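Colleague: I would like to go through some of the terms used for this model and see what each one rests on.
Modeller: Go ahead; put the structure up and ask.

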Amino acid sequence: MLFVVDIGNTNVVAAVFDGNNIIHQWRIASDTRRTGDEYTSVVLTLIRDAGIDLKKIDKAIISSVVPDLTGPFVTVAQRVCGKRPYIMSSSLSFSGILPVRLPQGSTHELGTDLLCNAVSAWNMFHSANIVVDFGTALTLTVTDSSGIIQGVDIAPGLRTAVHSLATNTAQLPIVPLEAPPSSLGATTKEAIQAGIVLGYKGLVEYLVKQVKEDLEKLTGDSASSVKVVATGGLNSVLKPITDCFQVVDKELTLKGLKAVSDCVQGE
């Protein structure tokens with residue numbers, strides 16, 4: 001069995017794979033004040049409560065965009081599988097080991113979570129694609145039909161935007177992330193929802209359209225052939241009000257971690 005850890009700015013998502021199947025996953029708050037021992041106690045309890053035999057977990061892989069949490073989760077993974085985990089780095093983007101890669105000579109540094117997304121989407125479509133990841137940041141990762149990652153777009157995430165409004169204003173509250181009945185906000189709550197949720201609908205739809213057009217100009221990949229997959233904890237906010245996603249898969253990043261592990265550690 002494989003233990004995977006995706007360390008993000010808001011949450012750490014951990015999962016156990018048996019073959020290609022996720023048999024259990026957990027979402028834990030990212031907290032740089034916690035030690036490896038503290039996280040180990042939490043994770044081991046969760047694994048045991050799920051009825052998973054620790055002796056069957058023999059490998060681990062970590063993707064992290066929070067450097068201060070990488071060390072603590074190396075400790076966690078060592079306790080879970082009995083040996084040091086594989087730690088992803090952006091250099092894998094140039095290694096030739098994975099089915100996708102950055103262009104030769106590129107100076108772009110790709111976050112390992114976005115690399116996992118690109119690998120997972122490629123394995124899903126084997127064609128040009130865009131991954132829209134709704135996390136602390138909203139990201140679009142673009143891969144062409146040759147498996148070359150041509151670019152990334154980054155904007156504040158939905159929840160980040162809502163919290164920013166509440167933090168930087170005197171009278172605007174944090175509101176639920178759901179579509180309002182109309183773009184004409186009749187209350188403060190509906191006004192913020194219209195601006196954030198409907199505004200992000202427009203942002204995502206425009207960027208997807210523009211990215212497809214720019215990718216066609218750059219590579220010749222037909223804009224109409226580019227697949228779009230959404231992932232991340234907040235993708236459900238826009239899913240009911242847009243039709244620009246062919247696939248919605250909350251487990252895309254975890255599946256990408258599994259695929260990367262297969263490439264670098266063997267199945």
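Colleague: Why are α4 and α5 called roughly antiparallel to each other?
Modeller: The axes of helix α4 (residues 158–168) and α5 cross at roughly 155° and come within 10 Å. Angles run from 0 to 180 degrees between N-to-C directions, and axes are lines fitted to C-alpha atoms, for helices over the stretch in contact. Under 35 degrees counts as roughly parallel, over 145 as roughly antiparallel, 65 to 115 as roughly perpendicular and the rest as oblique. α4 and α5 are therefore roughly antiparallel. The model is predicted: local features need pLDDT of at least 70 and side-chain atom pairs count only at pLDDT 80 or more, while totals for chains, interfaces and linings use all residues. Residues are numbered from 1 along each chain as its sequence is written, and side-chain values use heavy atoms, with hydrogens and water left out.

Colleague: What is the hand of the crossing of α4 and α5?
Modeller: That crossing is right-handed. The term applies if the near helix is turned clockwise from the far one by less than a right angle, and left-handed if anticlockwise.

Colleague: Which residues of α4 and α5 meet, and how do they divide by class?
Modeller: Leu158, Ala161, Val162 and Leu165 of α4 meet Ile192, Ile196, Val197 and Tyr200 of α5, contact meaning heavy atoms within 4.5 Å. By class, this contact has eight nonpolar residues, no polar and no charged ones. Ala, Val, Leu, Ile, Met, Phe, Trp, Tyr, Cys and Pro count as nonpolar, Asp, Glu, Lys and Arg as charged, and the others, Gly among them, as polar.

Colleague: What makes α1 oblique to α2?
Modeller: Helix α1 (residues 36–49) and helix α2 (residues 67–81) pack at an angle of about 45°, their axes 8 Å apart. That angle makes α1 oblique to α2. The crossing in which α1 passes α2 is right-handed. On the α1 side the contact includes Tyr39, Val43 and Ile47, and on the α2 side Phe73, Val76 and Arg79 are among the residues met. The residues of this contact divide into nine nonpolar, three polar and two charged.

Colleague: And why is α3 called roughly perpendicular to α7?
Modeller: α3 and helix α7 (residues 252–265) pack at an angle of about 85°, with axes 7 Å apart. That angle makes α3 roughly perpendicular to α7. Among the residues making the contact are Cys116, Ser120 and Met124 of α3 and Leu252, Gly256 and Val260 of α7. The residues there divide into eight nonpolar, five polar and two charged.

Colleague: Turning to single residues, is Gln193 buried or exposed?
Modeller: Gln193 is in helix α5 (residues 188–219). Buried means under 20% relative accessible area, exposed over 50%, and partly exposed in between (1.4 Å probe, protein chains only). Gln193 has 3% relative accessibility, so Gln193 counts as buried. Leaving aside neighbours within four places in sequence, Gln193 is in contact with Val175, Pro176, Glu178, Pro180 and Leu198.

Colleague: Why is Leu198 called partly exposed?
Modeller: Leu198 also lies in helix α5. Its relative accessible area is 27%, so Leu198 is partly exposed. Beyond four places in sequence, the contacts of Leu198 include Gln193, Pro180 and Ile241.

Colleague: Where is His126 found, and what is notable about its phi?
Modeller: His126 is found in the loop between α3 (112–125) and β6 (129–134). His126 has a positive phi of about 50° although it is not a glycine. His126 has a relative accessible area of 53% and is therefore exposed.

Colleague: What makes Asn129 count as buried?
Modeller: Asn129 lies in strand β6. Its relative accessibility is 0%, so Asn129 counts as buried. A polar atom of the Asn129 side chain lies 3.0 Å from the backbone oxygen of Ser127.

Colleague: Which side chains make a polar contact with the side chain of Asp221?
Modeller: The side chain of Asp221 makes a polar contact with that of Ser145 (2.5 Å) and with that of Thr219 (3.1 Å). A polar contact is a pair of N or O atoms within 3.5 Å; within protein, one must be able to donate a hydrogen and the other to accept it, and residues adjacent in sequence count only if both atoms are side-chain atoms. Asp221 has a relative accessible area of 9% and is therefore buried.

Terms used: Helix = DSSP H or I, 4+ residues; strand = E, 2+ residues; numbered from the N terminus.
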